[in-house]
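Work through the exercises below with the sequence and the model side by side. Each task is followed by its solution.

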Amino acid sequence: MRETRYGLVADGDGWFVINARESRWRDSGHFGHYCDFEGKRRFRQLGINVSVLEPGQPIGLYHRERAQEDFLVLSGECLLLVEGEERTLRAWDFVHCPGGTAHMIVGAGSGPAVVLAVGARGGRKGLEYLVDPLALAHDAGVEQETTKPAEAYRRFPSFSRCRYVEGSLLEW
């Protein structure tokens with residue numbers, strides 16, 4: 001483990017244990033706060049992060065991709081936008097999105113939500129940000145379809161590193 005001014009990061013290829021509260025986080029502005037547990041190198045096979053979303057904050061922009069993604073709401077309430085439909089999610093609801101499923105998660109309710117997101121790594125081939133009226137209504141969509149993340153996220157400020165915000169994660 002390496003200590004940074006924003007928390008611990010793992011830079012090696014071996015196994016490790018890290019507490020989310022001690023890990024380095026990102027403030028993604030419109031997209032809440034999240035911790036991905038990665039150091040300089042991304043995990044090769046699996047992406048995983050814990051996101052803290054205020055009501056109205058999406059995890060990202062409405063998209064579909066080749067690889068599978070799954071979500072587990074750990075606390076709070078969210079909206080699932082999937083294939084043009086909206087569904088309310090609450091703590092312990094699990095969402096499975098096979099590759100090719102258009103989707104997004106948006107914080108909802110009266111307070112923050114904590115969501116565990118897991119996705120298979122398969123490169124960016126097959127990634128599409130789709131125009132969807134429901135996603136646009138939740139400020140979680142694009143106005144022009146693209147396959148390029150830089151184009152999709154252009155209107156938002158860059159994410160910044162930060163420390164864990166005390167009290168964001170529940171104790172069970």
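**Exercise 1.** Locate E65, then decide: is E65 buried or exposed?

*Solution.* This is a predicted model. Start with the position: E65 sits in the loop that links strand 6 (63-64) and strand 7 (69-75). Next, take the accessibility. The relative value for E65 is 13%. Buried means under 20%, so E65 counts as buried. Finally, look at the side chain. That of E65 makes a polar contact with the side chain of H63, at 3.0 Å.

**Exercise 2.** Trace the open sheet and find which strands stand at its edges.

*Solution.* Write down the strand order: 10-7-12-5-4-3-14. That makes seven strands, with antiparallel pairing. Now check the edges. Strand 10 (94-97) and strand 14 (160-162) each have a single partner strand, so one side of each lacks a neighbour in the sheet. From one strand to the next, the twist averages 25 degrees. Then inspect the pairing at strand 14. Three bridges connect strand 14 to strand 3 (residues 25-27), and the two run antiparallel. D27 lies opposite S160 of strand 14.

**Exercise 3.** Which residues of the largest nonpolar core touch the most other members?

*Solution.* The core has 14 residues. Those with the most contacts to other members are A20, W25, F37, V50, V52, V114 and L169. Two elements, strand 5 (46-53) and strand 7, give two or more residues to this core. Take V50 as a case. Leaving out residues up to four places away in sequence, V50 touches W25, H33, Y34, C35, F37, V114, V115, L116 and L169. A second, separate core has 13 residues, including L53, V82, V95 and I105.

How values were computed:
Residues numbered from 1 in each chain as written. Predicted model: local features only at pLDDT ≥ 70, side-chain atom pairs only at ≥ 80, totals over all residues. Heavy atoms only, no water. Pairing = 2+ DSSP bridges. Helix = DSSP H or I, 4+ residues; strand = E, 2+ residues; numbered from the N terminus. Axes fitted to C-alpha atoms, helices over the stretch in contact; angles between N-to-C directions. Buried < 20%, exposed > 50% of the residue type's maximum accessible area, 1.4 Å probe, protein only. Polar contact = N/O pair within 3.5 Å; in protein donor to acceptor, adjacent residues only side chain to side chain. Core = buried A, V, L, I, M, F, W, Y, C linked by side-chain atoms within 4.5 Å. Contact = heavy atoms within 4.5 Å.
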